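I opened my notebook to get to know a structure that was new to me. Here is what I looked up, in the order I went through it.

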Amino acid sequence: MEVRFQLLGEVGVTIGGHPVRIHQQRLLSLLAVLLVEVNRTVPMDTLADRVWGEQLPRSPRQTLHTYVSRLRTALGDSDKVSVERHAGGYLLTADPDLVDLHRFQRRYEAARAATDDEAAVLLAEALGEWHGEAFATVDGEWLAARREALRRDRVAAQLAFHDIQLRRGRHAELVAPLTELAAADPLDERLAAQLIQALDGAGRRAEALEHYQTVRRELVDRLGVEPGAPLQDLHQRILRGDAPGTGQPVPRQLPADIAGFTGRQDYLRRLDTLLSAGHGPMVISSVAGMAGIGKTTLVVHWAHRAAAQFPDGQLYVNLRGFDATGSVVRPEEALRGFLDALGVSPQRLPTTLEAQAGLYRSLLADRRMLVLLDNARDAEQVRPLLPGSASCVVVITSRNQLTDLVATTNARPLTLELPGQDEAVQLLTERLGAQRVETDPGAVGEIVARCARLPLALAVVAARAAIRPDFPLAELATQLHDSPDLHSVFSWSVRALSPAAAEAFGLLGVHPDTDFSLAAATSMIGTNPAVARRLLRELCDANLLREHRPGRYTFHDLLRAYARTCTTNGEQARTRMLDHYLHTADHAASLFHPHRVELGLTPAQPGVVLTELADRVEAMTYLVTEYATLVAAVSVAYDNGMWRHCWQLAMVMANFQDRRALWLDQLAVLGIGLAAARQLDDDFALMHMHRNTGSANSRLGRYDEANHHLAIAAERAPTRAQQGHSELSILSSLLRQGRVAEALRHAEKAYELYSGTDRMDGTADSLNAIGWCHTKLGNHREALKWCEQALDLHIQLGARLSEADTLDSIGYAHSHLGDHAMAIECYQRALAIDRELGDITKQAEVLEHLGDVQLAIGDTGAARLAWEEAVAIWDVTKAPERESTLAKLAALETSAKPDNAVEIDQ
């Protein structure tokens with residue numbers, strides 16, 4: 001029967017849905033203490049002190065024995081819970097998820113490392129566990145202290161949840177709960193700031209300003225201090241009218257803290273000392289040391305301890321500096337991830353490393369943030385990732401000392417040594433329990449020696465021992481006797497797995513990254529998700545793998561390198577892995593372009609499982625999440641002579657990269673895909689690679705290169721429809737160069753080629769292209785005739801992106817015919833579609849046109865906003881249109897000055 005325990009409210013138990021009646025206060029206190037320490041032995045004296053405090057009974061141990069007997073009776077014969085005498089104390093054994101307090105804490109901790117969407121769900125679930133004050137029906141000094149600590153955790157979880165909801169724009173619905181909380185704690189400045197933001201965002205600016213003054217008076221009258229700088233700054237921004245509608249993102253990217261962390265206290269203290277010392281951006285470089293020594297574990301644990309000192313958030317990236325496959329993270333990749341976490345939309349994301357680094361430094365200026373750069377290869381890899389603000393702290397781990405960084409940035413080096421004998425024993429004790437370790441100290445010493453005190457090796461061995469609690473440590477030590485190095489320890493642990501799990505471990509080694517999904521793992525193993533999940537669970541239990549987020553797994557790069565030596569079926573696993581990514585990414589691309597040309601993918605191998613994608617939103621989420629792996633997969637395919645996988649992966653990524661203005665990335669990936677197509681000598685593949693390479697070069701203004709590749713693509717086109725597609729690509733490049741008359745001839749040629757084929761989407765695109773060329777040549781009524789035919793076809797086909805393009809063309813024609821209302825309606829419809837589908841370049845084009853027509857009707861404010869947003873996008877794409885839009889903004893500013901305005905140099 002199901003057992004549930006309640007501590008976050010009245011202390012109680014339900015069995016099978018029915019409450020268990022426990023009336024004695026001390027018995028409830030005993031239950032509460034044992035539940036707080038679930039699965040941990042509480043010594044007799046400690047337990048008595050926590051239950052009775054200074055009012056100890058005459059015979060505490062005998063009384064405890066009596067109370068435990070009563071508690072067992074109350075709990076019945078459930079196989080879910082037991083209370084046993086153990087190692088000089090009592091131990092309540094149960095699944096922690098049966099206790100509301102532990103459910104709250106686990107969800108709260110998980111939320112700290114989750115994305116906003118995931119964290120919102122986790123925090124809502126965590127806060128839903130509360131039904132009043134913790135331990136509401138019991139008393140005692142120890143429980144009172146725990147009650148206060150839990151109250152603070154609850155408030156922290158509420159504040160974190162409110163921050164997320166503010167970032168989501170849920171201002172109005174937060175006003176009532178925040179008002180209630182602020183009334184109960186009027187001196188909490190963070191809570192006050194949240195209420196002020198909620199009021200301002202809900203359109204209640206006067207009330208927001210009034211609440212600031214109320215809080216200020218309370219602080220001055222009761223504490224004699226003014227509000228802190230963040231609250232004062234928020235007040236000033238509201239007065240200026242430039243407070244954002246949503247709060248600034250507060251990234252919480254730290255990986256989950258490692259359970260059972262122990263030792264390393266001297267290093268933790270040194271990190272704490274470094275935190276409070278020095279000037280300028282503090283780089284604690286070279287938390288350096290040999291592989292497997294525990295650098296990441298140490299700094300992640302320290303970062304969680306120090307997280308409260310960084311209210312503006314924590315950024316984390318694994319730079320994979322020593323990845324055996326060579327898939328080192330480039331600085332621009334890391335910066336893109338950071339900028340995304342900081343709320344930078346694709347429209348504002350620069351393409352050059354220098355511009356990205358500049359924007360990053362600007363966003364971190366004056367913000368109190370922790371930046372954790374894990375597994376760096378050298379100083380050059382991390383230098384662009386360093387903030388320029390003294391308010392930020394950067395911690396770097398590396399196997400190298402990074403002496404260049406120490407010399408040029410005043411970084412503080414910290415070299416991590418092997419743990420001492422006592423610390424190594426403590427690590428095993430934490431994982432295996434004191435009683436088991438103390439039973440055979442000789443065997444423990446032998447295990448520590450054979451693992452060379454290396455934390456990674458000790459963790460793997462401890463996991464093996466924990467799986468077999470009845471297995472003598474002396475026997476484990478004997479088995480380790482012939483293991484002189486780390487790989488031998490890994491081998492010994494892998495041999496202890498079931499044959500299926502051992503094989504799965506080897507197959508996972510082919511993955512190009514240390515992080516992968518359940519679907520990808522299932523494909524590599526070549527089984528079904530249920531079996532794969534069981535095997536992955538066995539690997540996690542053996543500490544060879546870690547499920548760091550539900551359904552996503554990771555392992556140490558040393559373990560991944562070793563895994564590749566543990567199977568003879570790596571080639572088949574690699575093929576299934578590439579099939580998984582190719583077919584899933586192709587499905588994602590089809591959700592954006594349902595009428596695109598089929599690439600003729602070879603059916604996926606048996607055992608391949610695809611990630612399910614229901615709509616465009618899920619498709620975009622998948623492509624963003626797996627982007628780095630997809631890029632790496634192109635290289636993996638090429639390096640292993642899998643030419644077809646290589647060019648097709650490059651092809652299915654092209655639309656996503658175009659949509660996100662990742663043209664430099666796109667050219668690099670297409671270059672590999674083009675090389676693979678040449679290996680195949682496949683005209684169809686070569687046509688696609690040259691066409692997309694030409695289009696990417698055209699986007700970047702490299703017209704000679706663009707023309708070269710587009711001409712080759714046209715020569716390789718095997719069908720009338722493909723020839724029509726090539727003509728459309730050429731005319732797009734010509735239009736960017738201002739060669740409209742030439743572009744019209746190619747548009748008409750495309751329409752002629754598509755006519756008589758079954759590619760109605762191509763016919764519609766060419767109709768719109770003809771209309772657009774006509775309107776650019778001043779033939780606006782002629783343009784409407786062609787574009788309206790195109791729009792009908794696009795709507796009939798459900799081709800949303802093309803529908804938006806055609807609405808933009810129709811709006812442009814109407815604006816030049818003086819029908820401004822119709823033009824604005826068309827532009828707004830086009831902009832809504834482009835935003836829905838995330839096409840930033842099309843948004844910029846529509847915004848520029850929208851600004852033009854708004855200026856024509858005299859709405860200069862709306863025109864300015866539209867052009868400023870367009871310029872923000874042009875800044876990303878480096879498109880030549882940027883200069884003309886900037887000129888429009890400059891002219892608008894000049895015309896806004898009164899005739900008698902005088903410029904004054906100061």
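These entries go from the whole protein down to a single residue.

**Entry 1, the model.** I noted before anything else that this is a predicted model.

**Entry 2, the parts list.** I looked up the secondary structure and found 42 helices and 14 strands in the protein.

**Entry 3, overall dimensions.** I wondered what radius of gyration the protein has. I found 32 Å, which agrees with the value near 29 Å for a compact globule, because the protein has 906 residues. Along the principal axes, the C-alpha atoms fill a box of roughly 105 × 75 × 60 Å.

**Entry 4, inside and outside.** I checked burial next: 51% of the 906 residues count as buried. For the accessible surface I wrote down about 39,200 Å², with 50% of that belonging to carbon and sulfur atoms.

**Entry 5, contacts along the chain.** I took the contacts between residues at least 6 apart in sequence, and 67% of them join residues at least 24 apart.

**Entry 6, charges.** I noted 93 positive and 117 negative charges in the protein, and their mean positions are 3 Å apart.

**Entry 7, one residue close up.** I picked threonine 885, which I found in helix α42, a helix covering residues 881-896. Is threonine 885 buried or exposed? Its relative accessibility is 0%, and buried means under 20%, so threonine 885 counts as buried. I also looked for a side-chain partner and found glutamate 848: a polar contact of 3.3 Å joins the side chains of threonine 885 and glutamate 848.

Conventions
Residues are numbered from 1 along each chain as its sequence is written. This is a predicted model: local features need pLDDT of at least 70, side-chain atom pairs count only at pLDDT 80 or more; totals for chains, interfaces and linings use all residues. Side-chain values use heavy atoms; hydrogens and water are left out. Helices (H or I, at least four residues) and strands (E, at least two) are DSSP runs, numbered from the N terminus. The radius of gyration is taken over C-alpha atoms; the globule rule is 2.2 Å times the number of residues to the power 0.38. Buried means under 20% relative accessible area, exposed over 50%, partly exposed in between (1.4 Å probe, protein chains only). Contact means heavy atoms within 4.5 Å. Accessible areas come from the Shrake-Rupley method with a 1.4 Å probe; for residues, only the protein chains shown count as cover. Lys and Arg count as positive and Asp and Glu as negative; His and the chain ends are not counted. The place of a charge is taken as NZ of Lys, CZ of Arg, CG of Asp or CD of Glu. A polar contact is a pair of N or O atoms within 3.5 Å; within protein, one must be able to donate a hydrogen and the other to accept it, and residues adjacent in sequence count only if both atoms are side-chain atoms.
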